[in-house]
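The following exercises are to be worked with the sequence and the structure at hand. Each task is followed by a solution in steps.

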Amino acid sequence: MPDNTLLIVICSVLALAILGAIIYFVLRFMRGSIKLTMPQTSFGAGQMIFGSFDLLTKKTIQGNQLFVTLRGIKVTEYRNNDGDKKTRSDEIYCDQVTLEDAREYPSGYSAKYDFQIATPNVQSPEFMNSGIGQTLVSAFRLLSDRRTRIKWRVEARLDAKGIDLAASKSVQLNLGQFH
């Protein structure tokens, strides 16, 4: 009998988690959407990433900030003491461009926003001497291990009271050699 009870509890928890995720995405969809467009997804060091996004609200939203972010996430795969394969993700780079500060977006609001955000310029001495530059150099030294990689993403987000609206796209950055 205890085996059945444990199975029932596990199934109940999974069902609640799935239901919670469904409710979250339905509520997010009911508030509105962001559609991100970028004509190019491969960039070099110091290049500008150009793009645009369409913001559509279905309900009135009190926005805290509208912004675009370039993030670099170092993903490392390793084996723990038991030999199980694990993955660790650490944010190593984040640059944000604010397009609008706090304001109210009325129901049915629709607008297109253009943006540009710079990729890290690893060739500039100022960047290499900064804290972010040193972090990137350390991360790239780890890349000689084939189990470590950096994922780059551009994200457009309306930070709002309640549920945010967001969209993101993966990009490839060729940052060159580090000395």
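**Exercise 1. Strand pairing in the open sheet**

In this predicted model, β1 and β3 pair in the antiparallel sense over six bridges. Determine the order of the strands in the open sheet that holds this pair, and state which strands stand at its edges.

*Solution.*

Step 1. Begin with one bridge of the pair: Lys35 has Asp54 in β3 as its bridge partner.

Step 2. Extend the sheet. It is an open sheet of three strands in the order β1-β3-β7, and the pairing is antiparallel.

Step 3. Identify the edges. β1 (32–37) and β7 each have a single partner strand, so one side of each is left without a neighbour in the sheet, and these two strands stand at the edges.

Step 4. Consider the geometry. On average, and with direction ignored, neighbouring strands of this sheet are turned by 20 degrees against each other.

**Exercise 2. Pairing of β8**

State with which strands β8 pairs through 13 bridges and through seven bridges, and give one bridge from each pairing.

*Solution.*

Step 1. β8 pairs with β4 in the antiparallel sense, over 13 bridges. Within this pairing, Gly63 has Ala160 of β8 as its bridge partner.

Step 2. β8 is also joined to β9 by seven bridges, and these two strands run antiparallel. Here the bridge partner of Arg153 is Ser170 in β9.

Step 3. Examine the connection. The hairpin of β8 and β9 has four residues between the strands, and Gly162 takes a positive phi near 90 degrees in this hairpin.

**Exercise 3. Classifying aromatic pairs**

The structure holds four aromatic pairs. Classify the pair of Phe53 and Tyr113 and the pair of Tyr105 and Tyr109 as stacked or edge-to-face.

*Solution.*

Step 1. Choose the quantities. A pair of aromatic rings is described by the distance of the centres and the angle of the planes. Planes under 30 degrees apart count as stacked, and those over 60 as edge-to-face.

Step 2. For Phe53 and Tyr113, the ring centres are 5.3 Å apart and the planes lie at 20 degrees; the pair is therefore stacked. This pair links distant parts of the chain, since Phe53 belongs to strand β3 (residues 48–57) and Tyr113 to strand β7 (residues 110–118), 60 residues apart. Phe53 and Tyr113 are both buried.

Step 3. For Tyr105 and Tyr109, the centres are 5.4 Å apart and the planes at 65 degrees, so this pair is edge-to-face. Tyr105 and Tyr109 are buried as well.

Step 4. Place the stacked pair in its setting: Phe53 and Tyr113 form one aromatic cluster together with Phe115.

**Exercise 4. Phe53 and the nonpolar core**

Which residues have the most contacts inside the largest nonpolar core, and which strand supplies the largest share of this core?

*Solution.*

Step 1. Recall the general tendency. In soluble globular proteins, nonpolar side chains tend to be buried together.

Step 2. The largest nonpolar core has 31 residues, and Phe53, Leu70 and Leu158 have the most contacts inside it.

Step 3. Trace the contributors. At least two residues of this core come from each of β1, β3, β4 (61–79), β5 (85–100), β7, β8 (148–160) and β9 (165–174). The largest share, six residues, is supplied by β8.

Step 4. Inspect Phe53. Its relative accessibility is 0%, so Phe53 counts as buried. Residues touched by Phe53 include Ile34, Leu66, Val68, Leu99 and Ala156. The C-alpha atoms of Phe53 and Ile34 are separated by 6.5 Å, although the two residues are 19 residues apart along the chain.

Step 5. Inspect Leu158. Among the residues that Leu158 touches are Ile34, Leu55, Ile61, Leu66, Tyr105 and Leu165.

**Exercise 5. A loop residue**

Is Thr119 buried or exposed, and which backbone nitrogen lies 2.9 Å from a polar atom of its side chain?

*Solution.*

Step 1. Locate the residue: Thr119 is in the loop between β7 and α2 (125–129).

Step 2. With 4% relative accessibility, Thr119 counts as buried, because the class requires a value under 20%.

Step 3. The backbone nitrogen in question is that of Gly46.

Step 4. List the surroundings. Thr119 touches, among others, Phe43, Gly44, Ala45, Gly46, Gln47 and Leu70.

Terms used
Residues are numbered from 1 along each chain as its sequence is written. This is a predicted model: local features need pLDDT of at least 70, side-chain atom pairs count only at pLDDT 80 or more; totals for chains, interfaces and linings use all residues. Side-chain values use heavy atoms; hydrogens and water are left out. Rings of Phe, Tyr and Trp (its six-membered ring) pair if their centres lie within 6.5 Å; planes under 30 degrees apart count as stacked, over 60 as edge-to-face and the rest as tilted. Buried means under 20% relative accessible area, exposed over 50%, partly exposed in between (1.4 Å probe, protein chains only). Two strands pair if DSSP finds at least two bridges between them. Axes are lines fitted to C-alpha atoms, for helices over the stretch in contact, and angles run from 0 to 180 degrees between N-to-C directions. A nonpolar core is a set of buried Ala, Val, Leu, Ile, Met, Phe, Trp, Tyr and Cys residues joined through side-chain atoms within 4.5 Å. Contact means heavy atoms within 4.5 Å. A polar contact is a pair of N or O atoms within 3.5 Å; within protein, one must be able to donate a hydrogen and the other to accept it, and residues adjacent in sequence count only if both atoms are side-chain atoms. Lists of a residue's contacts leave out its neighbours within four places in sequence.
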